[in-house]
There are 2 protein chains.
Amino acid sequence: MPERGRPRTFDRTAALRRAMEVFWAKGYEGASISDLTAAMGINSPSLYAAFGSKEALFLEATELYTQVEGTDIWSALEKAPTARQAVERFLRQTARAYSQTGRPQGCLIALGALHQDSSRGAICDDLRRRRAENREALLRRLERGVAEGELPADFDCGTAATFYATVQHGMSIQARDGASRSALLETVAGAMAAWIAMASTGAA
Amino acid sequence: MPERGRPRTFDRTAALRRAMEVFWAKGYEGASISDLTAAMGINSPSLYAAFGSKEALFLEATELYTQVEGTDIWSALEKAPTARQAVERFLRQTARAYSQTGRPQGCLIALGALHQDSSRGAICDDLRRRRAENREALLRRLERGVAEGELPADFDCGTAATFYATVQHGMSIQARDGASRSALLETVAGAMAAWIAMASTGAA
DNA sequence: TGAATTATGTATCGATCAACACAGAAAGCA
DNA sequence: TGCTTTCTGTGTTGATCGATACATAATTCA
């Protein structure tokens, strides 16, 4: 199926990946069109022709981020044989991902646009929705643990899901502060220490 | 000691407090001079005459924030009779402070400037330093718990301090997402569940 | 080959950014 | 009463923001 008109001279997906990295490092409003076009290797008219607007580009970038960077973390959650291992691997993968060198530290979804503004309501809403989905995924895995008898029937899955999702968010700020992998794993150790008490008595 | 020249027609401290609230809600780069002067009820030359620059104003605002908003949280840490109660009250005060209505949600120190940039290195450094001080205060209180015999000698104060500081940071993002007080207290419950395991076996 | 279509590069749009020039106003000091 | 000092309001600065106009280049379709 050949395309009409002059073909694009850059790789759209590669350019999107570069844009994702800029947004990841600088946040939505901290990333200017100049920053983006410089990293993408194109001029601004090409950016607008290919992606529509800065906002639309950001939404595509977060989707790419979710697929590319989130896979390891969330597959760990699904594939682990027990809920406890699922949560632990989820957090350990997070620690690993947030402390990789040569890339921005912390999570684009968590840090990309925290300050709501009339001009970026859609951006904040999108990220909020994705953060809520993270908690939902945790919640589903915990409820599975209850259904399978691994966890007591009175285990408070909602509290635990909120807690572990919040810990992960905190790890993004910790990573932005330059925390080493071992420092992030300290947080993981603390969070997993909570598991014992939560699983044995029901939450808190 | 009377001042020379025309006296200021606005209350400098009150104006600073307004500026603090704007920075708190919008972050450093999200708060424009127009936003600030509108909230402070002054024109920009008065702002620059009284505070020097946007950056200097922000640094004063964070200092005011630390003194005004941080007092309850950190006095809870110092005054509680046991380390455990200290940490729990610290987190519960955090949940309370982060979910008060009629004010920005979450913490100015945690959320004010997460994306480093050449133009705001001093801002990021200042906030990072204050976040590090939070962890240090937690660490000192925990070490006191060990010294007083409340906690076992092999209790890993560093790990626990990192963990609880990170939980608090996560609560800022949770609060920004509109979490209710009870949702924040779920996170507190999870974090305190970790205490039992950490204090009984040494950290994780 | 020529018309239609799409992408690219240059150059720029109006808006807004942080910051300030300037003149007049309001105080203390002589 | 001047004189000095400091603050206030109007207006504006150059830079940068996100987003486009426009002409040209490169492709498909007829």
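Which residue has a polar backbone atom 2.6 Å from a phosphate oxygen of DNA strand D? In this predicted model, the residue is Ile33(A). A side chain also comes to 2.6 Å of a phosphate oxygen of the strand, through an N or O atom of Lys54(A). Chain B takes part as well. There, a polar side-chain atom of Asn43(B) is 2.9 Å from a phosphate oxygen of DNA strand D.

In total, 25 residues surround DNA strand D. The closest are Arg4(A), Ile33(A), Tyr48(A), Lys54(A) and Thr9(B). Three helices each supply at least two residues of this surface: H2 (33-40) and H3 (44-51) of chain A, and H3 (44-51) of chain B. The surface near the strand comprises nine nonpolar, nine polar and seven charged residues. On the DNA side, sugar or phosphate accounts for 71% of the strand D atoms within 4 Å of the protein. Bases account for the rest.

The two protein chains also meet. Contacts link 39 residues of chain A with 38 residues of chain B. About 3100 Å² is buried between these chains, and carbon and sulfur atoms give 62% of that area. Two salt bridges are counted between chain A and chain B. One of them joins the side chains of Asp177(A) and Arg131(B), at 2.7 Å from N to O. Polar contacts across the interface number 14 residue pairs.

On the chain A side, helices H1 (12-26), H6 (108-111), H7 (121-147), H8 (157-176) and H9 (181-201) each give two or more residues. H8(A) gives the most, with 12 residues. By class, this side of chain A holds 17 nonpolar, 13 polar and nine charged residues.

Terms used:
Residues are numbered from 1 along each chain as its sequence is written. Chains are lettered from A and ligands numbered from 1 in the order in which they are written. This is a predicted model: local features need pLDDT of at least 70, side-chain atom pairs count only at pLDDT 80 or more; totals for chains, interfaces and linings use all residues. Side-chain values use heavy atoms; hydrogens and water are left out. A residue is near a molecule or strand if one of its heavy atoms lies within 4 Å of it. A polar contact is a pair of N or O atoms within 3.5 Å; within protein, one must be able to donate a hydrogen and the other to accept it, and residues adjacent in sequence count only if both atoms are side-chain atoms. Helices (H or I, at least four residues) and strands (E, at least two) are DSSP runs, numbered from the N terminus. Ala, Val, Leu, Ile, Met, Phe, Trp, Tyr, Cys and Pro count as nonpolar, Asp, Glu, Lys and Arg as charged, and the others, Gly among them, as polar. Contact means heavy atoms within 4.5 Å. Buried area is the accessible area (1.4 Å probe) that two parts lose on being put together, summed over both. A salt bridge is a side-chain nitrogen of Lys or Arg within 4 Å of a carboxyl oxygen of Asp or Glu.
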